[in-house]
Amino acid sequence: MNALKDIQGVIFDYGGTIDTNSRHWAEVLWAKYVEHQIPVDKESFREAYVFGERALAKYPFVQPWHDFHDVLSIKAKLQMEWLAEQRKLPMDELKLQSYATKVADSCYEYVLDILQVTRPVVEELSKKYKLVLVSNFYGNIQTILKDFGLLDFFDEIIESSVVGVRKPDPAIYRLGVDAMGFVAKNVLVVGDSFSKDVVPAKAVGCRVTWLKGEGWGGEVIDESVPDVIITNLAQLPVLL
């Protein structure tokens, strides 16, 4: 039996799915800290990452016109400043800016490389299915999609900061289904997060492909919940 039979539309997650092809952004950033020999331990980095994400959710650092390099620069700067304030890094403005620039630049290049794999998948599916994007983001996802040549593939964009609902609240996926215009059982959700994509999408009745990869950790996983598990977005078209 084909678990993805009768699919009429596809809802994509963005961060960790299209831009990193299954790697949690904390792991991508940490790899760049290591690559550029930024002298902090992983636990301190994790704390800085959490601080930065909470700050971005609370304050309007990111504006609608910011592209993804801008977002990465803002994230990295927040992290470096926090690490310096916690005396995990020296309070040296030039050194902190240098670290932030190296991390932002190399992460942006990383995404450009990943898009060589993921963008053709989205493009191919857009020719056969209605596509909707559902993402926790900062109000600038359309700028980012345009920058990366992805915007025209999506019929609708559901962005948390715009609609006022965030994953893992299933309501954001209900908005995605409503935008799709099909019954939930004929809508496929594709995402990398078990708790923020798989569980809420199943809660509203969608079928789910879990893009399983290098996660944040700490999640309770039940691999019987998703309909299909893949490890690379390039595997998706052959299943549909």
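Me: What makes up the lining of the largest pocket, in terms of nonpolar, polar and charged residues?

Reply: The lining residues divide into 16 nonpolar, 13 polar and 14 charged. Keep in mind that this is a predicted model.

Me: How do you know which residues count as lining the largest pocket, and how many are there?

Reply: A lining residue needs an atom within 4 Å of a point of the pocket. For the largest pocket, 43 residues line it. His24, Tyr49, Glu53, Asn136 and Lys196 lie nearest its centre. As for the space itself, the volume of the largest pocket is about 1100 Å³.

Me: Which helices help to line the largest pocket?

Reply: At least two lining residues come from each of α2 (42-58), α3 (68-85), α6 (160-163) and α8 (194-203). The largest share belongs to α2, with six residues.

Me: Let's pick a residue in α6. Why is Ser160 called buried?

Reply: Ser160 sits in helix α6. Buried means under 20% relative accessible area. Ser160 has 2%, so the word buried applies to Ser160.

Me: What does Ser160 touch, leaving out residues up to four places away in sequence?

Reply: Ser135, Asn136, Phe137, Val165, Arg166 and Ile172. You've met one of them already: Asn136 is among the residues nearest the centre of the largest pocket.

Me: On to the strands. What makes β1 and β2 a pair?

Reply: Two strands pair if there are at least two bridges between them. Four bridges join β1 (residues 9-12) to β2 (residues 130-135), and the two run parallel. Four bridges meet the cut-off of at least two, so β1 and β2 are paired. As an example, Gly9 stands opposite Lys130 in β2.

Me: How do you know that β1 pairs with β4 too?

Reply: By the cut-off of at least two bridges. Four bridges join β1 to β4 (residues 187-191), again with the strands parallel. Val10, for instance, has Leu188 as its bridge partner in β4.

Me: Which way do the residues of β1 point, and are they buried or exposed?

Reply: Gly9 and Ile11 point one way, while Val10 and Phe12 point the other way. All of them are buried.

Me: How many disulfides does the structure hold?

Reply: Zero. To be called a disulfide, a pair of cysteine sulfur atoms has to lie within 2.5 Å. With zero disulfides in the structure, no cysteine pair meets that cut-off.

Me: And why are Cys107 and Cys206 called buried?

Reply: Cys107 has a relative accessible area of 0%, and Cys206 has 2%. Both values are under 20%, so both cysteines are buried.

Conventions. Residues are numbered from 1 along each chain as its sequence is written. This is a predicted model: local features need pLDDT of at least 70, side-chain atom pairs count only at pLDDT 80 or more; totals for chains, interfaces and linings use all residues. Side-chain values use heavy atoms; hydrogens and water are left out. Buried means under 20% relative accessible area, exposed over 50%, partly exposed in between (1.4 Å probe, protein chains only). On a 1 Å grid over the protein atoms alone, a cavity is a set of points where a 1.4 Å probe fits but cannot get out, and a pocket is an open set with protein on both sides within 12 Å along at least five of seven lines; lining residues have an atom within 4 Å of a point. Grid points are joined across faces, edges and corners, and a volume is the space filled by probe spheres set on the points. Ala, Val, Leu, Ile, Met, Phe, Trp, Tyr, Cys and Pro count as nonpolar, Asp, Glu, Lys and Arg as charged, and the others, Gly among them, as polar. Contact means heavy atoms within 4.5 Å.
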